[in-house]
Amino acid sequence: GTRISTRTMQILTTICRALQEEPFFYKNHGGEEFGLSELLQSFLTQEFILFAAVYFFYYFFMGGMATIVAVFVFKIDYTNIESKQLKREARFTVEALAGYTVILWTALQCISSWNFDMNLLQIVISYMINSNVFLIWFYFSHKTWHSNRTIYKYVHEHHHQSTIVCPLTALSNNWVETLWTSVGFLLGPIFIVGANNVWGWLFSFLSILFVAVMGHSRIPFTLEHATHHQVVTTNFGFFATNIGQMNWDAVFGTWLFAGDVPRIKKVYPEESALYTWNENESSVNWDNIKTRKADSVVGHVQTKKSPMTVAKTEFLEETAKPDPKVKSVGVKPAAPTPVMVGPTLKLVSAIETEISVEFEAVNDISEYELQWKSYSDVKHGPRTRSLSASSKMTLITLSGLKPGSTYGIQLFCKDSGKKRGEPGKELIVHTEEIGCLPQQNTCILM
């Protein structure tokens, strides 16, 4: 333990000396001219390796702490995240971190107006300016990505492959989005007087990264960005008013509270139960959290039932009632054979108005019923379609859907008497945000 503590102190001492002597700024050494050759050489220095290591450590430490707090304090259940999504997000996160590291390092070397003073007022001013300049840039950039099909496909679609979010979703971006987003971090120090204090600028970047991770954590009071992953026409920005970042969605009229979105309560029923809503203001329902903690000790966590669960319970209770038309003749009828649970659906493709899924037929079951519903359609119930599986793998295409909507799709098995069993696992699919409806022959911009 002593050796580890000593080594840790040596590392911290090295970082502190590096900050004091400004070795991170390669161009300042010796006053020599700084060009492309010198920039490329700076990527081979120990300073760059230390800079990258600290940045990577900060992100993964912060993401790990957010996950620990979410799981052990708020009892958030991340088991509904599939391993395929986690692998994809891990790959894109490493790609994005590498991209930001190179871009930030280049900015530190090439911007000639940096101010290194440790003046508190200058640091605060630089932080406030850079934070809100970036948030404005990100707000309109994000809105643009969702307004054009081509831009969305090549810039932002990768991030929205994750409909259910977790801390690792925060930087699940491709390199184009990373490059586009990085421009917002450079506008302040290059063009605005007072935004060039390097310490305020760095703190602004790290705080925005922190808010992005928290916005995907599903911790209470952070569900508003998870709302954007369900209703993509709202909540384009990131902000934390308690650290000086404005809510630009509220300014431009695209803000939406998670409690006002029915599908949030369906997709995140347990997280939604941790909220207390009062006149459009949200706060943590600590009594509910304490109840869940106490129940988890005995293995029974009380959660708010989703509408799908309630409907399933009502259906099972209804089917369990005896038929009044059948007269008893003194012989106890045999218990009915339960119908099998519906098979799991697999997503094949999803475009603006169509979703294609497939499933593997269950042995001895040839009749099925497909049920689907848009989470944004609160006026109508789910739609159904009867199916006959003639082959092992059966492909189904749902057409005439609404662009930019989230659909929940489930499959039921049916016995010879047309009785449904319990549904299989719900498949949540998001259609693209921009598309043409054939029946209207017009394009809808979401």
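**Salt bridges, helix packing and a nonpolar patch**

The structure holds three salt bridges. The model is a predicted one, and the account below begins with these charged pairs before turning to the helices and the surface.

Two of the pairs have Glu369 in common. In one, the side chain of Glu369 meets that of Arg420, with an N to O distance of 2.6 Å. This contact joins distant parts of the chain: Glu369 lies in strand S5, while Arg420 belongs to the loop between S8 and S9, 51 residues apart. In the other, Lys414 and Glu369 form a salt bridge at 3.8 Å, N to O. Here too distant parts of the chain are linked, with Lys414 in strand S8 and Glu369 in strand S5 (residues 367-374), a separation of 45 residues. Because its relative accessible area is 12%, Glu369 is buried; Lys414, at 13% relative accessibility, likewise counts as buried. Through shared partners, the salt bridges join Glu369, Lys414 and Arg420 into one network.

The remaining pair brings together Lys425 and Glu82, whose closest N and O atoms are 4.0 Å apart. Lys425 sits in the loop between strand S8 (406-414) and strand S9 (427-430), and Glu82 in the loop between H3 and H4, so that the salt bridge spans 343 residues of the chain. As for solvent exposure, Lys425 has a relative accessibility of 53% and therefore counts as exposed. Glu82, at 47%, counts as partly exposed, because the exposed class starts only over 50%.

The helices on either side of the Glu82 loop also pack against each other. H3 and helix H4 (residues 83-110) meet at an angle of about 135°, and their axes are 10 Å apart. That angle makes H3 oblique to H4, since only values over 145 degrees would count as roughly antiparallel. The crossing of H3 and H4 is right-handed.

A second helix pair is formed by helix H7 (residues 175-191) and helix H8 (residues 198-215), which pack at about 160° with their axes 11 Å apart. H7 and H8 are therefore roughly antiparallel to each other. H7 passes H8 in a right-handed crossing.

Finally, the surface carries a nonpolar patch of about 660 Å², made by Phe57, Phe61, Met65, Ile68, Val69, Phe72 and Val73. One of these residues, Phe72, is found in helix H3 (residues 46-72), the helix that packs obliquely with H4. With a relative accessibility of 57%, Phe72 counts as exposed.

Notes: Residues numbered from 1 in each chain as written. Predicted model: local features only at pLDDT ≥ 70, side-chain atom pairs only at ≥ 80, totals over all residues. Heavy atoms only, no water. Patch = residues over 30% accessible without salt bridge, like charges linked within 9 Å, V, L, I, M, F, W, Y side chains within 5 Å. Areas by Shrake-Rupley, 256 points an atom, 1.4 Å probe, with all protein chains shown as cover. Helix = DSSP H or I, 4+ residues; strand = E, 2+ residues; numbered from the N terminus. Buried < 20%, exposed > 50% of the residue type's maximum accessible area, 1.4 Å probe, protein only. Axes fitted to C-alpha atoms, helices over the stretch in contact; angles between N-to-C directions. Parallel < 35°, antiparallel > 145°, perpendicular 65-115°, else oblique. Left-handed = near helix turned anticlockwise from the far one by under 90°.
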